[in-house]
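Reader: Could you take me closely through the enclosed and open spaces of this molecule, and then through what surrounds them? I am in my first year, so please explain each term as you go.

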Amino acid sequence: MRAVASPDLAISDAQQVLQRVFGYDSFRGEQQEIVEHVVGGGDALVLMPTGGGKSLCYQIPALVRPGVGIVVSPLIALMQDQVDALNELGVRAGFLNSTQSYEQRRDTEQAFVAGELDLLYLAPERLSLDSTLELLDRGEVSLFAIDEAHCVAQWGHDFRPDYLNLSVLHQRWPSVPRIALTATATPATRSEIATRLELTEARHFVADFDRPNIQYRIVPKNDPRKQLLQFLRTEHAGDAGIIYRLSRAEVERTAEFLVANGIDALPYHAGLDKQVRAKHQARFLREEGLVMVATIAFGMGIDKPDVRFVAHLDLPKSVEGYYQETGRAGRDGLPSTAWMAYGLQDVVQQRKLIDLSDGDEAHRRMQSRHLDSMLALCETVSCRRTQLLAYFGQDHPDACQNCDTCLNPPESWDGTVAAQKLLSTVVRLDRERNQRFGAGQIIDILRGKKTPKVEQFRHDSLSVFGVGSDLSDNEWRGVIRQLLAQRLISVEGDYGTIVLTGTSGEVLRREDPRQVLLRTEPKRVASTPKAKAAKQPPQEMPAEAEPVFQKLRAWRLATAREEGKAPFIIFHDSTLRQIAAAQPSTLDELGGISGIGEQKLNKYGQAVLDALAAEE
Ligand code: ADP
Ligand code: ZN
């Protein structure tokens, strides 16, 4: 029989662990309810945004319940770091994966059987091995935590086939509580997770997905590298951040470009040698102020708290992907920016990728729907946050005042006539010449430009030639982008030719045409106020404390180097800020600061006090 503590006792135990081990005063949001539920033996499905505090939801129950907590995680490359961070807190943690030697695995297995571990991390493929299942039978399991649970969703972007085997846990250990956690949370993904993991009876905990400290901005793409450089230099000089690109080649080129411009940047993509990838990842975690240029192969499970910006230079494939990637910014609750540059070419490219993708028609339709939602987010004239959260089925009624559309409300104009000019150009090319062209040629026709290609095809004899000279090239590109987003046109094929859709006719009809509202293309990038802190900002640090904070950071960096660790594993910025503000002079006072548990106080307390007392 499993020992089940009485709920009251369990909660006071959990509270104690929270304070003693993690150094936090109180649970956040739904953490307490979740912990209580799992400690009591219940199954749970937890949906919380990145940085919401998912780890404590299984780590604390694992420490309170008898036995070892098994954590299933796809992030083999990060297990060592996760385990190091726990050991640093005095938690007995280990992992089993393919990177270990036979001896290391055997030692960990023995520790598990002997009950000398609090937490054991496993890659999902391990659980398909009979030997692993038999091993688990030989020890006592307190709970199963299934991290990154969206990996079980078959049409999701992170699908891992091994996750499908995890239903065996429930069948083999029906009385051991299971807790599945993810930051990906459309209602569809959620029900897929519940079904595939046989968690339909589990209690669902859905947190508020808002990340108030992240400022969302999407700008039209003109000269992406220059725009990026400007963004980095004016707003994030010296900050750590991630820049996402679609292709490996673009990753390499962008990283080289940044380095040539004096920015500390590294590339990361699946085509790089495994060792190079591991080295770049480790440097990103261990050094301060490094910029990672990456494909989406990078980022899952990277819980570096002080990533100050995430930039997209290509359009993500879905809102889910976008939210997950941008969510890697600002886990520490301090102001951060999610910045994206997006243009017509992105839409053309994404459509092409969908057309060329393998998979059946249903799959392509789904990808198309994802792209449409992403485009709608890009072209919205209302609050980006409201629209993002609506996508996850959550209301966010007020304009957030921390996204570009709230801060610089875009103007809109009646683009019906412009849309009609464009659509009739497409119609004429098709009907009179039996031709299809991409955006560039159509804009040249509308603007009446006699380019060699216009003359070659004698497009200057079309009746629409020059009817759109009132708008600039850039404005026409904006019109086309938005008509695409509104599905009034679409693009096809290798050359991104523009074709009509089923709704184009509504705009073209002579009587009572459908009105087309378009947003005005900004002439130049308006300045935007700095990103705001979270709703409950980590205790404000007075400006005078800045030199003390810098002194503490220098101490932390030196200590981290000596111990070969990431600085944030020792203390987070938010903890150092609180120390700088409070200037404690005794260990007791220091121990009262959030983020300093028993073990860290013992290990670093005196050194921190010494660093505080040291003269400049
Ligand atoms: P997630 O896995 O949901 O992305 P984490 O578990 O990594 O989030 O937690 C995000 C950050 O919040 C971490 O730095 C963690 O230490 C901190 N945190 C979590 N719970 C609390 C709490 N109750 N009080 C203070 N800080 C917390
Ligand atoms: Zn807003």
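Author: The structure holds 2 cavities of 30 Å³ or more, where a cavity is a set of points, on a 1 Å grid over the protein atoms alone, at which a 1.4 Å probe fits but cannot get out. This is a predicted model, in which local features need pLDDT of at least 70 and side-chain atom pairs count only at pLDDT 80 or more, while totals for chains, interfaces and linings use all residues. Residues are numbered from 1 along each chain as its sequence is written, chains are lettered from A and ligands numbered from 1 in the order in which they are written, and side-chain values use heavy atoms, with hydrogens and water left out.

The largest cavity contains about 50 Å³ of space, a volume being the space filled by probe spheres set on the grid points, which are joined across faces, edges and corners. It is lined by 11 residues, of which Ile218, Pro220, Cys378, Arg481 and Arg519 are the closest to its centre; a lining residue has an atom within 4 Å of a point. Two elements, strand 8 (214-220) and helix 14 (361-379), give two or more residues to this lining, and strand 8 gives the most, with 3 residues. Helices (H or I, at least four residues) and strands (E, at least two) are DSSP runs numbered from the N terminus. Sorted by class, the lining of the largest cavity has 6 nonpolar residues, no polar ones and 5 charged ones; here Ala, Val, Leu, Ile, Met, Phe, Trp, Tyr, Cys and Pro count as nonpolar, Asp, Glu, Lys and Arg as charged, and the others, Gly among them, as polar.

The second largest cavity has a volume of about 30 Å³, and around it stand Pro49, Thr50, Ala183, Arg211, Tyr323, Gln324 and Gly327. Its lining comprises 3 nonpolar, 3 polar and 1 charged residues, and at least three of its residues come from each of domain 1 (11-206) and domain 2 (214-342). The bounds of these domains come from an automatic or database domain assignment, which for this protein chain also gives domain 3 (412-519) and domain 4 (543-613). The centres of domain 1 and domain 3, taken over C-alpha atoms, are 54 Å apart.

Domain 1 and domain 2 also share an open space, for the second largest pocket lies between them, because both give residues to its lining. A pocket is an open set of points with protein on both sides within 12 Å along at least five of seven lines, and this one has a volume of about 1,100 Å³. Of its 40 lining residues, Ile76, Ala77, Leu78, Tyr268 and Gln281 are the closest to its centre. The elements giving two or more residues to this lining are helix 4 (76-88), helix 11 (274-286) and helix 12 (319-326), with helix 11 giving the most, 8 residues. By class, the lining of the second largest pocket divides into 19 nonpolar, 11 polar and 10 charged residues.

Tyr323, which helps to line the second largest cavity, leads on to Phe392, a residue in the loop between helix 15 (384-391) and helix 16 (404-407). Leaving aside neighbours within four places in sequence, Phe392 is in contact (heavy atoms within 4.5 Å) with Ala185, Thr186, Pro187, Glu320 and Tyr323. Its C-alpha atom is separated by 8.8 Å from that of Thr184, although the two residues are 208 residues apart along the chain. Phe392 has a relative accessible area of 6% and is buried, where buried means under 20%, exposed over 50% and partly exposed in between, with a 1.4 Å probe and protein chains only.

Finally, consider the packed interior. In soluble globular proteins, nonpolar side chains tend to be buried together. The largest nonpolar core has 110 residues, of which Phe112, Leu197, Phe298, Tyr322 and Ile480 touch the most other members; such a core is a set of buried Ala, Val, Leu, Ile, Met, Phe, Trp, Tyr and Cys residues joined through side-chain atoms within 4.5 Å. Beyond its neighbours within four places in sequence, Leu197 is in contact with Ile146, Ala149, Val152, Tyr163, Leu166, Arg178 and Ala180. Another core, of 36 residues, lies apart from the largest one and includes Val39, Val46, Met48 and Ala123.
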